[in-house]
Amino acid sequence: MNIQNLHNEIRDANLSYLILAQNMIRADRAEALVRLGLSEDVASIIDQLTAGQLLKIAGSNMLMCRFRFDDSVVWNLLLSHTKDQSQAQGMHAAILMAGKAVEVA
Amino acid sequence: MKKVKTVLGEARQIGLASELIKLGARLQVLESETTLSRERLLKLYKEIQKKSPPKGMLPFSTEWFMTWQPNIHASLFMNLYQSLITSSEIDEIDAVIRAYKLYREYLVQLEMPEVLSVTRAWRLVKFVDAGMLTTTCCKECKGHFVVHTYELTKDYVCGLCNMPSRAGKTKASMQVVDAEVAEGEVEVEAVAEETGVEA
């Protein structure tokens, strides 16, 4: 991937992410905060962004989204699916992820 | 809770009540969370559910939340509830409704039966408020799980890190579903056991 392609990909990802986040915040703020793992302050800012501002932010060379679960336990639970255990592991991952949302807030 | 004085206030309460009824809440929940009269609530319940509300006591035991499968479901609900209540300024009952909807989303995704009813979920929040139940951190996975407040939890390991050998077996989980469906029957037993602990 050359550098120009990389920038384009990042911009696309940023734009999709920001638009999704904005839509979620506008539809149901309380729920969006949990799903996005976002603070109330930043949510208000994203809520108010104009299309021009969204484009400008998306055009930066840095990704605006990042991996929320910097924890190998969660990843392993999401990945290792033996058939009869998959529900329990899915629940386990869900509990850990919901708990992480509490710590962020 | 303050008395409804305005038409708009009443409309909001009816909205809240019908949302709870749609989620399957018992009449006692509605009576506690709104100031609408019992007659109106009954009428609303019949209009939405097309049947009379189940009679009998609410399940009142904290022990139910300690058994393996209910504990996991209750813990997931509690984590969602706490993340809602800490991240935005919303009413407790509003957070219960939202957390319960999120909880159900997970169940649909994982194709699991609904073990925790909205009435139980509401009850769980009340138990936590009353200091009878709380959440503690599992020392293995660092997740938060529902436990009794005065339990010794220094070396707590959750039911998912340390799974009992028979846990989650299909037959057992089906029995839990049956038990939930027949919640009315459970409550008949509960009445028999009733020792006046109603919190």
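**Figure 1. Helices and strands of chain B.** In this predicted model, chain B contains eight helices and two strands. Followed along the sequence, these elements come in the pattern α-α-α-α-α-α-β-β-α-α. Chain B has 199 residues, and 31% of them count as buried. Among the contacts in chain B with a separation of 6 or more, 56% are between residues 24 or more positions apart.

**Figure 2. The paired strands of chain B.** Strand β1 (residues 133–137) and strand β2 (residues 144–148) of chain B run antiparallel and are joined by five bridges. One of the residues to locate is B:L133, whose bridge partner in β2(B) is B:H148. Six residues lie between the two strands of this hairpin. B:K142 has its place in this loop between β1 and β2 of chain B. The phi of B:K142 is near 65°, a positive value in a residue other than glycine. Is B:K142 buried, exposed or partly exposed? B:K142 is partly exposed, because 16 other C-beta atoms lie within 10 Å, and a residue counts as buried at 20 or more and as exposed at 12 or fewer.

**Figure 3. The side of chain B that touches chain A.** Here 22 residues of chain B are in contact with 20 residues of chain A. Which elements give two or more residues to this side of chain B? They are α4 (68–87) and α5 (92–110) of chain B. The greatest share comes from α4(B), with ten residues. By type, the residues on this side of chain B are eleven nonpolar, ten polar and one charged.

**Figure 4. The largest nonpolar core and B:L76.** The largest nonpolar core has 64 residues. The residues with the most contacts inside this core are B:L76, B:F77, B:L80, B:Y81 and B:A99. For B:L76, neighbours within four places in sequence are left aside in what follows. B:L76 is then in contact with A:M91, A:A94, A:I95 and A:A98 of chain A, and with B:Y103 and B:Y106 of chain B.

**Figure 5. B:Q82 and B:I90, in helix α4 of chain B and the loop after it.** B:Q82 is a residue of helix α4 of chain B. Why does B:Q82 count as buried? B:Q82 counts as buried because it has 22 C-beta neighbours inside 10 Å, and the cut-off for a buried residue is 20 or more. From B:Q82 to B:A95 there are 13 residues in sequence, and the distance in space is 8.4 Å, C-alpha to C-alpha. B:I90 is placed in the loop between α4 and α5 of chain B. With 16 C-beta neighbours inside 10 Å, B:I90 counts as partly exposed. Leaving aside neighbours within four places in sequence, B:I90 is in contact with A:A30 of chain A, and with B:L84, B:I85 and B:A95 of chain B.

**Figure 6. B:E111, in the loop between α5 and α6 of chain B.** B:E111 is found in the loop that leads from α5 to α6 (118–129) of chain B. The phi of B:E111 is near 55°, which is a positive value in a residue other than glycine. B:E111 is exposed, because 9 other C-beta atoms lie within 10 Å, and a residue with 12 or fewer is exposed.

**Figure 7. The packing of helices α1 and α3 of chain A.** Two packed helices are described by the angle between their axes and the distance between the axes. Helix α1 (residues 3–27) and helix α3 (residues 40–48) of chain A pack at about 105°, and their axes are 9 Å apart. At that angle, α1(A) is roughly perpendicular to α3(A). Which residues of α1(A) meet α3(A)? They are A:L18, A:A21, A:Q22, A:I25 and A:R26, and their counterparts in α3(A) are A:A43, A:I46 and A:D47. This contact consists of five nonpolar residues, one polar residue and two charged residues. A:S16 also belongs to helix α1 of chain A. With 12 C-beta neighbours inside 10 Å, A:S16 counts as exposed. A:S16 and A:D28 are twelve residues apart in sequence, and their C-alpha atoms are 18 Å apart in space.

**Figure 8. Helix α2 of chain A and the residue that follows.** Which residues of helix α2 (residues 29–36) of chain A are buried? They are A:A30, A:A32, A:L33, A:V34 and A:L36. Just after α2(A) comes A:G37, which takes a positive phi of about 70°.

Terms used: Residues numbered from 1 in each chain as written. Chains lettered and ligands numbered in written order. Predicted model: local features only at pLDDT ≥ 70, side-chain atom pairs only at ≥ 80, totals over all residues. Contact = placed C-beta atoms within 7 Å. Helix = DSSP H or I, 4+ residues; strand = E, 2+ residues; numbered from the N terminus. Nonpolar A, V, L, I, M, F, W, Y, C, P; charged D, E, K, R; others polar. Core = buried A, V, L, I, M, F, W, Y, C linked by C-beta atoms within 7 Å. Pairing = 2+ DSSP bridges. Axes fitted to C-alpha atoms, helices over the stretch in contact; angles between N-to-C directions. Parallel < 35°, antiparallel > 145°, perpendicular 65-115°, else oblique.
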